[in-house]
Amino acid sequence: MAILDFKEIAEAHKATGLQDTFELFTRDFLSFMGYKVITDPDRGADGGVDLIVEERRTGVGGETNIKWLVSCKHKAFSGKSVSPIDDANIRDRVESNGCQGFIGFYSTLASTGLSTNLEGMKDKLEYQVFDKEKIEGQLLHSAKGLEIAERYFPVSLSEWRTENPQPAKIFVEKPSLKCKVCEKELLEQDDNGVITLWQRKRKDYEKEKEHFEYVFWTCRGRCDSVLAQAIRAKTNQLIDGWEDISDVMMPTIFIKWVMSIMNEQRSGVVYSDEAYESLKEFMLQVFPYVSRHLTAKETEHVKSLGMIPSYLGGLGYEG
Ligand SMILES: [Zn+2]
């Protein structure tokens, strides 16, 4: 599904004062891709040239510079593909401008006719087409690309950011939770694994308060059971409770955790020094992930679990 709505970039050839925006976007995009901009977008008759960029290629024979003629076509408002009539006489234009290659930069797609034309020229002329999908793919996969996307597609980007949360930049170090067993980075996995809290077995649930000895985080499945076996080999006095780390990474659940841990401090629940330090470490590492809005999916998940606590205006966690 398309994420960037190219209609956020003003339509060209209209006297809005913003007519150059798509060309400016092209310039920023291509310099982000590593091209050197030779001629800047210029208003007025362009003789079929929107932009010329240079690529420096280093090979065994030394350095060669390739000049690319860039043609920008912003047809997102009509939604039509770029046809051979829209982009005509390509080879002539490339050669008469002293270029060696052609770049089609389109906010829609190249039509089949245009693609066929370009393919027919490929022995004489290098060409590349950046269409809306290719542009989007490049922009959304790096911090620098996201910066450009933010500038030209602010609405699309803010929606996308809500649905694709990135950790907030709060601490100097990148957040990190490594599996206790295999040391894999859990925060970068699709499955963030589980956190297990080991507490002393109790005989009398009325009189004895919970007493946590250890808090660990591991991959789900094998690493989790390796760890459980190791602890059970050491002592049979502990039982474990666990939670999905991805659940605790949801802002609503995270704050529920903070609240219940605070409540436990007053009700006499005991954490060993080690367990308490681990728990603090865990909360700190997860916090950059929770300083954000809920995604649509999480909103549903939280609702379906009846998990919005009463102190946050929901119906859950009473008593
Ligand atoms: Zn592991």
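**A first look at the sheet and its surroundings**

Start in the middle of things: Leu-69 sits across from Phe-102, a residue of strand E4. Keep in mind that this is a predicted model. The protein chain has 319 residues, 25% of them buried, and its secondary structure amounts to 11 helices and nine strands. Of the contacts between residues at least 6 apart in sequence, 64% link residues at least 24 apart.

**The five-stranded sheet**

- Five strands form an open sheet in the order E1-E2-E3-E4-E5, and their pairing is mixed.
- E1 (36–39) and E5 are the edge strands, each with a single partner, so one side of each has no neighbour in the sheet.
- On average, neighbouring strands here are turned by 30 degrees against each other, ignoring direction.
- In general, strands of a sheet pair through backbone hydrogen bonds, in either a parallel or an antiparallel way.

**Strand E4 and its partners**

- Five of the six residues of E4 are buried, so this strand is largely enclosed by the rest of the structure.
- On one side, E4 pairs with E3 in the parallel sense, over six bridges; Gly-104 of E4 is the bridge partner of Ser-71.
- To get from E3 to E4, the chain passes through H2, making a right-handed β-α-β crossover.
- E4 also pairs with E5, again in the parallel sense, and this pairing has five bridges.
- If you want a spot to look at there, try Ile-103, whose bridge partner in E5 is Gln-128.
- A right-handed β-α-β unit is built from E4, H3 and E5.

**Two nonpolar cores**

- The largest nonpolar core has 33 residues, and the members touching the most others are Ile-52, Val-53, Trp-68, Leu-69, Val-70 and Phe-102.
- Helices and strands both feed this core: H1 (21–32), H2 (90–96), H3 (112–120) and H4 (132–139) are among the elements that each supply at least two residues, and so are E2 (51–59), E3 (62–73), E4 (101–106) and E5 (126–130).
- Take Val-53 as an example: apart from neighbours within four places in sequence, it is in contact with Leu-30, Tyr-35, Lys-36, Val-37, Ile-38, Trp-68 and Val-70.
- There is also a second, separate core of 25 residues, with Trp-217, Met-249, Val-290 and Val-302 among its members.
- As a rule, nonpolar side chains in soluble globular proteins tend to be buried together.

**Helix H1**

- H1 has 12 residues, which at 1.5 Å a residue should span 16 Å; the C-alpha atoms at its ends are 16 Å apart, so the two agree.
- Its buried residues are Phe-22, Glu-23, Phe-25, Thr-26, Arg-27, Phe-29 and Leu-30.
- Those buried residues of H1 pack against strands E1, E2, E3 and E4, along with helices H4 and H5 (143–152).
- Just past the end of H1 comes Gly-34, with a positive phi of about 105 degrees.

**A stop at Tyr-271**

- Tyr-271 belongs to strand E9, which covers residues 270–271.
- Why does Tyr-271 count as buried? The cut-off is 20 or more other C-beta atoms within 10 Å, and Tyr-271 has 22 C-beta neighbours inside 10 Å.
- Leaving out residues up to four places away in sequence, Tyr-271 touches Phe-212, Tyr-276 and Leu-279.
- Glu-213 is 58 residues from Tyr-271 in sequence, yet their C-alpha atoms are 6.3 Å apart in space.

Key. Residues are numbered from 1 along each chain as its sequence is written. This is a predicted model: local features need pLDDT of at least 70, side-chain atom pairs count only at pLDDT 80 or more; totals for chains, interfaces and linings use all residues. A nonpolar core is a set of buried Ala, Val, Leu, Ile, Met, Phe, Trp, Tyr and Cys residues joined through C-beta atoms within 7 Å. A residue is buried if 20 or more other C-beta atoms lie within 10 Å of its own, exposed if 12 or fewer, and partly exposed in between; C-beta atoms are placed from the backbone. Helices (H or I, at least four residues) and strands (E, at least two) are DSSP runs, numbered from the N terminus. Two residues are in contact if their C-beta atoms, placed from the backbone, lie within 7 Å. Two strands pair if DSSP finds at least two bridges between them. Axes are lines fitted to C-alpha atoms, for helices over the stretch in contact, and angles run from 0 to 180 degrees between N-to-C directions. A crossover is right-handed if, with the strands pointing away from the viewer, the path from the first strand over the helix to the second runs clockwise. The expected span of a helix is 1.5 Å times one less than its number of residues.
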